Amino acid sequence: MKKVVMLSAVTMLSLAGIAVSQAEDKASAPAAASATASASSTATASSTATASAPASAPAKKEAEKAPEDPPQVAKLVALYPNLIARIAPQGKVCFEGKECDITIAAALGAADPNKPREGKVIFEGVCHTCHTAGLLGAPKFGDKGAWGPRIAKGTATLHQHALQGFNAMPAKGGNADLLDVEVTNAVDYMVSQAK
């Protein structure tokens with residue numbers, strides 16, 4: 001845990017350093033532009049020609065290069081090769097009618113109060129995101145050691161936590177469209193696989 005906190009602090013400091021250096025670069029650019037503008041206005045004022053000079057073509061902006069990683073960030077990446085994979089985006093936004101390079105899983109669909117879905121279906125559609133990888137402290141699916149203390153609190157407590165949210169887990173796993181009985185079915189399914 002201490003290493004995670006240290007790594008987080010170092011990463012935040014590195015990002016702050018990048019932001020400061022980019023801000024300094026942007027702040028110095030307008031100053032240089034205003035100095036050039038004042039020099040050209042002085043030259044124009046001292047000019048004795050009365051005819052107006054043809055307007056010069058606007059200066060082309062140089063293509064901005066992507067900023068290079070500072071040495072501190074490069075060192076972090078070298079020391080922790082899985083760092084980039086852990087902070088990679090978890091998804092993309094695709095717009096209807098546009099080609100997208102990802103496969104979108106079928107949604108669970110609308111809940112039917114007369115025919116609630118089984119726990120396995122709800123787990124695979126909603127709960128697996130956190131409980132398969134153990135994200136944000138979620139007990140991993142099938143991990144008896146992680147589920148044991150939770151099961152000891154009783155299924156009523158587990159149902160309440162799943163329905164109302166607990167620690168980092170949002171209510172109903174973040175899917176408010178689920179029926180209460182579907183959420184409890186998913187909890188019962190995960191508990192049955194951890195016994």
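Two exercises with worked solutions follow, on an aromatic cluster and on a lysine of this predicted model.

Residues are numbered from 1 along each chain as its sequence is written. In this predicted model, local features need pLDDT of at least 70 and side-chain atom pairs count only at pLDDT 80 or more, while totals for chains, interfaces and linings use all residues; side-chain values use heavy atoms, with hydrogens and water left out.

**Exercise 1.** Determine which geometry the ring pairs F123–Y189 and F141–Y189 adopt.

*Solution.* Step 1: rings of Phe, Tyr and Trp (its six-membered ring) pair if their centres lie within 6.5 Å; planes under 30 degrees apart are stacked, over 60 edge-to-face, the rest tilted. The count under this rule is 3 aromatic pairs.

Step 2: F123 and Y189 have a centre-to-centre distance of 5.8 Å and an interplanar angle of 55°, a tilted pair. F123 belongs to helix 4 (residues 119-131) and Y189 to helix 7 (residues 180-193), 66 residues apart.

Step 3: for F141 and Y189, the centres are 5.5 Å apart and the planes at 25°, so this pair is stacked. F141 lies in the loop between helix 4 and helix 5 (144-152), 48 residues from Y189.

Step 4: F123, F141 and Y189 thus belong to one aromatic cluster.

**Exercise 2.** Establish whether K172 is buried or exposed, and locate the partner of its side chain.

*Solution.* Step 1: K172 occupies the loop between helix 6 (155-164) and helix 7.

Step 2: its relative accessibility is 17%, so K172 is buried (under 20% relative accessible area; exposed is over 50%, partly exposed in between, with a 1.4 Å probe and protein chains only).

Step 3: a polar atom of the K172 side chain lies 2.8 Å from the backbone oxygen of L178.

Methods:
Helices (H or I, at least four residues) and strands (E, at least two) are DSSP runs, numbered from the N terminus. A polar contact is a pair of N or O atoms within 3.5 Å; within protein, one must be able to donate a hydrogen and the other to accept it, and residues adjacent in sequence count only if both atoms are side-chain atoms.
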